[in-house]
Every structure is written in structure tokens, then in C-alpha cells.
Amino acid sequence: MLVLARKAGESIVIGDNISIKIVSVDGDQVKIGIEAPRHIEIHRKEIYDAIQTENRIAGQAKGINLELLKGIVDRNAVKIERKSDRE
């Protein structure tokens, strides 16, 4: 792990397109600003871990009947279509 010391207002650059700026330091809390391309996902670590856990659980789901799910979606689409025909 690379450890850098920075003061408020100073930045570091990662690659050609990511910049991290120390916005403020207040006691033990540090606020940072991150500039990165939109296609790069940025999450707090605890949120990232929760997303990964949910993805693992979803990947382990068994017994999903895709034909039944498709039928439900198709029936709901018909209901929405009929409702908009009446309006």
C-alpha cells in the first residue's frame, strides 16, 4: 500500500484520469473529492462490500423459473398496454 501525506487543498493523481483532492480535515474526519470518468464506479468501502455480498447471494439463487417470470412480465405489460388504451 502506498501511503501519502497531503494537506487540505492538495491532490493526488491516479493514472491519467483520476484525481483525489483533500477537501478538508476536521479532527479525525477527512473529506475528499474524487474526479473520475463516469464509467468508473466509486463507492465507500462498506457500500462496495454490501454490493459484493448481495451479488454473491443473487448468484447463488436457485429455483428461479425464468419462463414463469417471463409470463408474469408479459401479463403485466399487457395490463399496462390495456390501461393506456383506455386513457
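**Reading a three-stranded sheet**

In this predicted model, Asp26 has Gln29 in β3 as its bridge partner.

Visitor: Before we look at that pair, how many helices and strands does the protein chain have, and in what pattern do they follow one another?

Guide: Such an overview is a good place to begin. The protein chain contains two helices and three strands, and along the sequence they appear as β-β-β-α-α.

Visitor: In what sense do β2 and β3 pair, and over how many bridges?

Guide: Pairing is described by its sense and by its bridges. Here β2 and β3 are antiparallel and are joined over seven bridges. The pair of Asp26 with Gln29 in β3 belongs to this part of the reading.

Visitor: Over how many bridges do β1 and β2 pair?

Guide: For β1 and β2 (residues 18–26), the pairing is again described as antiparallel, over four bridges. Ile14 is placed opposite Ile18 of β2. Three residues lie between the strands of this hairpin, and Gly15 has a positive phi near 65 degrees there.

Visitor: What is the order of the strands in the sheet, and is the sheet open or closed?

Guide: One lists the strands as they lie side by side. The sheet is open, with the order β1-β2-β3 and antiparallel pairing. β1 and β3 (29–35) are the edge strands; each has a single partner strand, so one side of each lacks a neighbour in the sheet. On average, neighbouring strands of this sheet are turned by 25 degrees against each other, direction ignored.

Visitor: Where does Arg6 lie, and which residues does Arg6 touch?

Guide: A residue is placed first by segment, then by its contacts. Arg6 lies in the segment before β1 (11–14). Leaving aside residues up to four places away in sequence, Arg6 touches Ser11, Ile12 and Ile22. A polar atom of the Arg6 side chain is 3.3 Å from the backbone oxygen of Ser11. Arg6 and Ile22 are 16 residues apart along the chain, with 7.1 Å between their C-alpha atoms.

Visitor: Why does Arg6 count as partly exposed?

Guide: The class follows from relative accessibility: partly exposed lies between the limits of 20% and 50%. Arg6 is partly exposed because its relative accessibility is 40%.

Visitor: What share of the residues in the whole protein chain is buried?

Guide: Of the 87 residues in the protein chain, 5% are buried. The chain exposes about 8,200 Å², of which carbon and sulfur atoms supply 55%. Among contacts with a separation of 6 or more, 0% are between residues 24 or more positions apart.

Methods:
Residues are numbered from 1 along each chain as its sequence is written. This is a predicted model: local features need pLDDT of at least 70, side-chain atom pairs count only at pLDDT 80 or more; totals for chains, interfaces and linings use all residues. Side-chain values use heavy atoms; hydrogens and water are left out. Buried means under 20% relative accessible area, exposed over 50%, partly exposed in between (1.4 Å probe, protein chains only). Contact means heavy atoms within 4.5 Å. Accessible areas come from the Shrake-Rupley method with a 1.4 Å probe; for residues, only the protein chains shown count as cover. A polar contact is a pair of N or O atoms within 3.5 Å; within protein, one must be able to donate a hydrogen and the other to accept it, and residues adjacent in sequence count only if both atoms are side-chain atoms. Two strands pair if DSSP finds at least two bridges between them. Axes are lines fitted to C-alpha atoms, for helices over the stretch in contact, and angles run from 0 to 180 degrees between N-to-C directions.
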